[in-house]
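Q: Could you take a close look at one helix in this structure and describe how it is placed relative to the parts around it?

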Amino acid sequence: MQEDIKKRFSELCVAESYTLRGLSAEEGIGIYNEKRLHRILKRTFCDNENFFEVKVGRYTADVLVEGKIYEIQCRALAPLKDKIAYYLESTDYEVCVVHPIIVKRTIVRAERETGEIAYVRRSPLREYPEFILPLLYHLQEFIANERFSILLALVEVEEYRYSNAVRYRRTGKYDNEVFPTALVETIELRGVEDYVEFLPKELIGKEFSAADYMPYTKLRGRDVYSALNLLAYLGLIDKRTEGRKNIYHA
């Protein structure tokens, strides 16, 4: 099943690349180009457009097939809260939130008009599966529901940055296009027990701080505390406060 999904994703990436390269700069602007990745992921899990954008009560599901709703969300998960609550409370459908994790990014500097490539380099920036934890704060109440799951799609992308790029200081956006190239793996999180994987074995049975947890996760700043608060909410760790410091026990 995993290999079939990976093959399907790769085929869709090739098709999108041939179709969409060379579009106008306006369409290409955006660090993630969510619509493109969203479109590929949606078609990866369902190749029949009759099951796309299906009305479910007052909401529209990205995909509804064989009694299961797929919601593809490439950024923050908070906007899905009310929709998922409705699905779980008012229908009998299973609900799967698909979220991409970019584990490899290749930067390609090129001329937009000619397509001439100046250089190609591997970006040091990458994402990790545990990056989903801070995003789940607004959906944490659904995790124990047997009809709810998260599917992490670990993907590789090529980011084309064009030499005539114009940066916008306030937004951080510039003229680029992001082309997904491969699906490395999918990770399903279904039920509280699957989140045990986010507890480092070295910390199990011990007391630890956020600073102790940080090196095992690649999370930084508030994201570390958000991740730990989620694990505490799920009952996987205990939390107490000593002065201004939080102490956790797995």
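A: What follows is a description of helix α7 and of the nonpolar core to which it contributes. The model is predicted, and the description should be read with that in mind. The helix α7 (222–233) has 12 residues and reaches 16 Å from its first C-alpha to its last, which is close to the 16 Å expected at 1.5 Å a residue. Within α7, the residues V224, A227, L228, L230 and L231 are buried. Seen down the axis of α7, the buried residues fall within an arc of 155°, so they line one face of the helix. These buried residues of α7 pack against α5, β8 (207–208), α6 and β10 (245–249). After α7 comes G235, a residue with a positive phi, near 80°.

The wider setting is the largest nonpolar core, which has 46 residues, and those with the most contacts inside it are I84, I132, L136, F148, I150, Y195 and Y213. At least two residues of this core are supplied by α7, and likewise by each of several other elements, including α5 (132–135), α6 (210–213), β4 (94–110) and β6 (148–162). Among the core residues named above, I132 is in contact with L77, H99, I150, L152, L189 and F198, once its neighbours within four places in sequence are left aside. There is also a second, separate core of 24 residues, which includes L37, C46, V65 and I72.

Conventions. Residues numbered from 1 in each chain as written. Predicted model: local features only at pLDDT ≥ 70, side-chain atom pairs only at ≥ 80, totals over all residues. Heavy atoms only, no water. Core = buried A, V, L, I, M, F, W, Y, C linked by side-chain atoms within 4.5 Å. Buried < 20%, exposed > 50% of the residue type's maximum accessible area, 1.4 Å probe, protein only. Helix = DSSP H or I, 4+ residues; strand = E, 2+ residues; numbered from the N terminus. Contact = heavy atoms within 4.5 Å. Expected span 1.5 Å × (residues − 1). Arc of directions from axis to C-beta.
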